[in-house]
Amino acid sequence: MRSQVDLSIIGGSCFLDAAVNDSRVVDLIQPSDGLRCMRVTVAPKGLGTAVITIKDIGLTPPLATSSLVQVSDLDWIRINSPEEISIMEGSSQSFDLIAGVDDGSVFDSSQLAYMNIHLHVESPIINLIEDGDKSGLGSNIIIKAKHLGVTTFHVSARQHSGREVFSQTVKVEVYEAPRIHPEDIFLVPGAYFVLTLKGGPTMGAFVDYGSYGT
C-alpha cells in the first residue's frame, strides 16, 4: 500500500499547472475534473525533499505558489500511554500512536497506516480489537482485557529499508471489578465490623471508603 497526501488549493482559477522539481522523491496525481480546482495529490517515491509548484495560468499575470515536501523514514514510534496501566477485566482502552524522526518532526496521523505497524503482546490476557482486514495498524489501537493478570505490550513499525523500529513497552494489569465483602450486613448500635475489598487495581491505586445515610 503506497502512501498519498492531498494538498489543498485555495483561491485562484481552475486553470492550474502542477510541477515537481524532483520526480525521484514524489509523483503528482491529477484529480478528476471536479476536484482539479481544490487539490493535488502527492505520492512519495523515495527519500528526500522536493518542491511542488502550482501555477495558475488562468490569471493575468499568472501567479504561482509552492509547497515543500519532505519524504523521510521514521526513526521512532511511541505509544501515548503511561509506563504502567490498569484495565478492568472485560473492558477496553484506546491508545494513540505517534511516529517521527530524530530532528523532532512528527508524521501526520494519516501516514501511520503505511508503516506496517503491528502489536506485540507478552501474554494473551489482552487482545487487539481490529478494525477490518488490514496489513498493519493505524494511528490508534484498542486493547481489550480478557483475563486477570499482568502482561506487557509494544508496537513495531517497518522502515523503508525493511528495518523494524520498536516502541516503548507498556505494562498492563487486568484486574477484577472491585467489590466489598460482605455486600450486606446488619449491626446493632455501637458494634463494628471489618469489611474486605476484593478485586480492583493494585498498580498505583489507593482505596477511599465512604458511607451514605445516617
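Reader: Which residue of β12 is the bridge partner of S94?

Author: In this predicted model, the bridge partner of S94 in β12 is I142.

Reader: How do you know that strand β9 and strand β12 pair?

Author: Two strands pair if there are at least two bridges between them. Strand β9 (residues 92-100) and strand β12 (residues 140-145) have 5 bridges, in the antiparallel sense, so the requirement of at least two is met.

Reader: What makes β7 and β9 a pair?

Author: The count is 4 bridges, again antiparallel, and at least two are needed. Among the residues involved, I77 has A99 in β9 as its bridge partner.

Reader: In what order do the strands of the open sheet stand?

Author: The 4 strands run in the order β7-β9-β12-β11, with antiparallel pairing. β7 (76-79) and β11 (126-128) each have a single partner strand, which is why they count as edges: one side of each has no neighbour in the sheet. From one strand to the next, the twist averages 30°.

Reader: Which residues of β7 are on the covered face, and which on the uncovered one?

Author: I77 and I79 are on the covered face, W76 and R78 on the uncovered one. In a regular strand, side chains alternate between the two faces of the sheet.

Reader: Why is E173 said to have no salt bridge?

Author: A salt bridge requires the charged atoms to be within 4 Å. For E173, which is buried, the nearest side chain of opposite charge is K171, 8.7 Å away; therefore the cut-off of 4 Å is not met.

Reader: What makes E173 and M203 a polar contact?

Author: A polar atom of the E173 side chain lies 3.4 Å from the backbone nitrogen of M203, and the limit is within 3.5 Å. E173 belongs to strand β15 (residues 170-175).

Technical notes
Residues are numbered from 1 along each chain as its sequence is written. This is a predicted model: local features need pLDDT of at least 70, side-chain atom pairs count only at pLDDT 80 or more; totals for chains, interfaces and linings use all residues. Side-chain values use heavy atoms; hydrogens and water are left out. Helices (H or I, at least four residues) and strands (E, at least two) are DSSP runs, numbered from the N terminus. Axes are lines fitted to C-alpha atoms, for helices over the stretch in contact, and angles run from 0 to 180 degrees between N-to-C directions. Buried means under 20% relative accessible area, exposed over 50%, partly exposed in between (1.4 Å probe, protein chains only). Lys and Arg count as positive and Asp and Glu as negative; His and the chain ends are not counted. A polar contact is a pair of N or O atoms within 3.5 Å; within protein, one must be able to donate a hydrogen and the other to accept it, and residues adjacent in sequence count only if both atoms are side-chain atoms.
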